Amino acid sequence: MGDRLRLAGPPVAVLFLLLVVWQGAVWIFELEAWKLPGPVEIIREAAAIWPRLLDHTWATTRLALLGFAAGAATGILVAALLHLVPGARAGLYPLLVLSQNIPTIVLYPLLMIWLGLGLLPKLVLIILVCFFPIAVAMLSGLGQRDPRLADYLAMIGAGKWRIFRDLEVPGAVPYLFSGLKIAAAYSITGVIVAEWLGASSGIGYFIKLSYSGFLVTRVFAGVAVIVLLSLAVFGIIVAAERWWTRWQPRQEGR
């Protein structure tokens, strides 16, 4: 615990210093709130509208967790198929890379046309955003098996499926968590884009309304919620990684 606190100290100190400088600049230059509110004004505004902000935060959190879970399952399944099916990686991997070059702001309107205005297009968008880093990380991990152990398992009669289950998947777990941490942040971003373009609740919707009404302080309050949500999801994945890989030697700085 002491090591973790020491590691967290410098970034927290830098963040606090940036907030102090930000608030000081607002006071010194007498910037109006509709141009650039300070952290004090943002916190005060967030506290004043907390019930409404909490409702939008909960809507975003539910959708992000659902989409992240579905995206993680999809990414793991895609990685397994590309790894196990002969020729699948050579034929499909370039197409997966190309799929990530379509901007979400262009893709989501198409999803609304094809799938309607309900939950489904939002969920599909988050899955498409999340699954790729998970699939890539998992696929990399599956390819890092110990050849000596693989030869030993094959020698005692283990088939391809058993080698995959008993050797390759456990060895790929640390790589998988790397992808999960990236996808966790992407899930929040995907939800915000979907809510901005077509929703009746959520932080993205709240920011859009605030922006349209020139309520800049509320826009910053929404952004602060997005940052906190991203950090919370990232922290949960890091905690799960430490619990899951506790049998491995702890690396320096972790």
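The crossing of helices H4 and H6 is left-handed, a label used when the near helix is turned anticlockwise from the far one by less than a right angle, with right-handed kept for a clockwise turn. Helices here are DSSP runs of H or I with at least four residues, strands are runs of E with at least two, and both are numbered from the N terminus. Two packed helices are described by the angle between their axes and the distance between the axes. For H4 (residues 88-99) and H6 (residues 119-142), the axes come within 11 Å and cross at roughly 145 degrees. Each axis is a line fitted to C-alpha atoms, for helices over the stretch in contact, and angles run from 0 to 180 degrees between N-to-C directions.

Before going further, please keep in mind that this is a predicted model, in which local features need pLDDT of at least 70 and side-chain atom pairs count only at pLDDT 80 or more, while totals for chains, interfaces and linings use all residues. Residues are numbered from 1 along each chain as its sequence is written, and side-chain values use heavy atoms, with hydrogens and water left out.

Which residues of H4 and H6 meet? From H4 come Arg89, Tyr93, Leu96 and Val97, and from H6 come Phe131, Phe132, Val136 and Leu139; contact means heavy atoms within 4.5 Å. By class, this contact has 7 nonpolar, no polar and 1 charged residues. The nonpolar class holds Ala, Val, Leu, Ile, Met, Phe, Trp, Tyr, Cys and Pro, the charged class Asp, Glu, Lys and Arg, and the polar class the others, Gly among them. Alanine 90 also lies in H4, and it counts as exposed because its relative accessible area is 67%. The cut-offs are under 20% for buried and over 50% for exposed, with partly exposed in between, using a 1.4 Å probe and protein chains only. The C-alpha atoms of alanine 90 and valine 129 are 22 Å apart in space, and the two residues are 39 apart in sequence.

Now for the whole chain. There are 10 helices and 0 strands, and the C-alpha atoms fill a box of roughly 75 × 50 × 30 Å along the principal axes. Of the 254 residues, 37% are buried. Among contacts with a separation of 6 or more, 69% are between residues 24 or more positions apart. The accessible surface comes to about 15,200 Å², and 72% of this belongs to carbon and sulfur atoms. Such areas come from the Shrake-Rupley method with a 1.4 Å probe, and for residues only the protein chains shown count as cover.

Let us step inside, beginning with helix H3 (residues 50-84), which holds threonine 57. Why is threonine 57 classed as buried? The class follows because its relative accessible area is 13%. The threonine 57 side chain reaches the backbone oxygen of leucine 53 at 2.7 Å. Apart from neighbours within four places in sequence, threonine 57 is in contact with Ile203, Val225 and Leu229.

Serine 187, in helix H8 (residues 160-197), is buried as well, at 1% relative accessibility. With neighbours within four places in sequence left aside, serine 187 has contacts with Ala64, Phe68, Ile126 and Cys130. Its C-alpha atom is separated by 22 Å from that of arginine 52, 135 residues apart along the chain. Arginine 52 also appears among the contacts of arginine 218, together with Glu45, Ile49, Phe206 and Ser210, not counting residues up to four places away in sequence. Arginine 218 sits in helix H10 (residues 216-244) and is buried, with a relative accessible area of 18%.

The loops and helix ends deserve a look too. Most residues other than glycine have a negative phi, and most peptide bonds are trans. Glutamate 30 has a positive phi, near 50 degrees, and lies in the loop between H1 (2-28) and H2 (39-48). Phenylalanine 214 also has a positive phi, of about 60 degrees, in the loop between H9 (203-212) and H10. Glutamate 30 is exposed at 67% relative accessible area, and phenylalanine 214 is exposed at 67%. At the start of H7 (residues 147-155), a side-chain oxygen of aspartate 146 reaches to within 2.9 Å of the backbone nitrogen of arginine 148. After H7 comes glycine 157, with a positive phi near 100 degrees.

Note on methods: A polar contact is a pair of N or O atoms within 3.5 Å; within protein, one must be able to donate a hydrogen and the other to accept it, and residues adjacent in sequence count only if both atoms are side-chain atoms.
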